[in-house]
Amino acid sequence: MSTKILIIGACGQIGTELTQQLRKLYGTDNVIASDIRKLNNDVVNDGIFEVLNALDFNQIEHIIEKYHVEEVYLMAALLSATAEKNPAFAWDLNMNSLFHVLNLAKAGKIKKIFWPSSIAVFGPTTPRENTPQFTIMEPTTVYGISKQSGERWCEYYHNIFGVDVRSVRYPGLISWSTPPGGGTTDYAVDIYHKALSDGKFECFLSEETRLPMMYMDDAIRATIEIMQAPSEKIKIRSSYNLSGVSFTPKEIAEEIKKHIPDFTISYQPDFRQKIADSWPGSIDDSSARTDWGWKHNFDMDLMTVEMLENLQK
């Protein structure tokens, strides 16, 4: 019998591609996708799907027992820009969903948890370039505060109760197959869509705002690799720094112009600029590379080719 996996928040930006990849690896019948709503998409139509409220402990427990789930990927969260509009709900969703899953693991109902953290855990007092694994963390957003708190709880449940929980701090993620999900780094997804549809893009960040980014294929691979790594290789139980490529809106626009010469970009920074200014410009992920062999495959050139080709299809 193969490993039974539950993905909570399977219809989100990461969850969609993660579900598809896990079904390829573990078999469609061994991967249970779930989300708050039943959408008409591949995640729902191509395998087992359950409507699940991540805030309902009993519902999560029921699905885990029903399918004999061993591993949970908890992808449900309110992202940075969206969370600022509804702080109380963001805190509730981001924290209590994590507690539910940690407590089910503590009770021996599941063997392994993946929970994503984010570069949002860092703040304006964090070193901006080559941000270390262990450093000052004073996040200024609800999302960042909830992720930093979550990291501390993950480590606590591992140290005190032996829960096998694993985590990476995602940078901005770029994907052609799912629309942006309300994050501050979402301009780097939208810019490709607009380049093809309109030939122009108005960016909500300034042209020199450098942020760490990653192509979705790399992020999915990192997620699965950390979960498949032997337990003794996972030395950090809060969350691992993860890095791909760092760039500014101006740099990504220049890269797009190599393929679409008439493309133009303008800048109209909004409330998300303040969020971006509190985040690192580049990340040191040497701990992940040393401990469990992480390495990224996609740079800005390759990512741009992939994004434009796939979106054109």
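# Briefing on a predicted single-chain model

N130 has a relative accessibility of 48% and therefore counts as partly exposed, since the class runs between 20% and 50%. The structure that holds this residue is a predicted model. The chain has 313 residues, of which 55% count as buried. It contains 12 helices and 14 strands. The points below begin with the chain as a whole and then turn to its cores and to selected residues.

**Overall form**

- The radius of gyration of the chain is 19 Å, which agrees with the value near 20 Å that a compact globule of 313 residues would have.
- Along the principal axes, the C-alpha atoms fit a box of roughly 55 × 45 × 40 Å.
- Among contacts in the chain with a separation of 6 or more, 78% are made by residues 24 or more positions apart.

**Surface and charge**

- About 13,000 Å² of the chain is exposed, and 50% of this area comes from carbon and sulfur atoms.
- The chain carries 31 positive and 41 negative charges, and the mean positions of the two sets lie 4 Å apart.

**Nonpolar cores**

- In soluble globular proteins, nonpolar side chains tend to be buried together.
- The largest nonpolar core of this model has 66 residues, and the members that touch the most others are I8, Y187 and F247.
- Helix 5, which spans residues 87-106, gives the most to this core, with 7 residues.
- A second core, separate from the largest one, has 35 residues, including M75, Y170, A219 and Y240.
- Beyond four places in sequence, Y187 makes contact with F201, C203, F204, L205, M213, F247, T248, P249 and I252. One of these contacts, F247, is listed beside Y187 among the members of the largest core that touch the most others.

**Buried residues**

- I5 belongs to strand 1, which covers residues 5-8. Its relative accessible area is 0%, so I5 is buried, a class that requires under 20%.
- Not counting residues up to four places away in sequence, I5 touches L22, Y26, N30, V31, I32, V69, E71 and Y73. D56 lies 51 residues from I5 along the chain, and the C-alpha atoms of the two are separated by 18 Å.
- T223 is part of helix 8, which covers residues 216-228. With a relative accessible area of 0%, T223 is likewise buried.
- The contacts of T223 beyond four places in sequence are L18, Y73, F114 and Y170. Y73 also appears among the residues that I5 touches, and Y170 is a member of the second core.
- T16 sits in helix 1, residues 13-26. Its relative accessible area is 11%, and T16 is therefore buried, because this value is under 20%.
- T16 makes contact with A10, C11, V43 and T178, leaving aside neighbours within four places in sequence.

**Residues with positive phi**

- Most residues other than glycine have a negative phi.
- H68, which is not a glycine, has a positive phi near 55°. It is placed in the loop between helix 3 (57-67) and strand 4 (71-74).
- The relative accessibility of H68 is 54%, so this residue counts as exposed, the class over 50%.
- N130, also a residue other than glycine, has a positive phi of about 55°. Its place is the loop between strand 6 (117-118) and helix 6 (142-161).

**Partly exposed residues and distant partners**

- P87 lies in helix 5, the helix that gives the most residues to the largest nonpolar core. P87 itself is partly exposed, with a relative accessible area of 40%.
- Although P87 and Y143 are 56 residues apart along the chain, their C-alpha atoms are separated by 8.3 Å.
- S266 is found in strand 14, residues 264-267, and counts as partly exposed at 35% relative accessibility.
- S266 makes contact with F201, E202 and C203, apart from neighbours within four places in sequence. Of these, F201 and C203 are also contacts of Y187.
- The C-alpha atom of S266 is separated by 9.0 Å from that of F204, which is 62 residues away along the chain.

Definitions and conventions: Residues numbered from 1 in each chain as written. Predicted model: local features only at pLDDT ≥ 70, side-chain atom pairs only at ≥ 80, totals over all residues. Heavy atoms only, no water. Helix = DSSP H or I, 4+ residues; strand = E, 2+ residues; numbered from the N terminus. Rg over C-alpha atoms; globule rule 2.2 N^0.38 Å. Buried < 20%, exposed > 50% of the residue type's maximum accessible area, 1.4 Å probe, protein only. Contact = heavy atoms within 4.5 Å. Areas by Shrake-Rupley, 256 points an atom, 1.4 Å probe, with all protein chains shown as cover. Lys, Arg positive; Asp, Glu negative; His and termini not counted. Charge placed at Lys NZ, Arg CZ, Asp CG, Glu CD. Core = buried A, V, L, I, M, F, W, Y, C linked by side-chain atoms within 4.5 Å.
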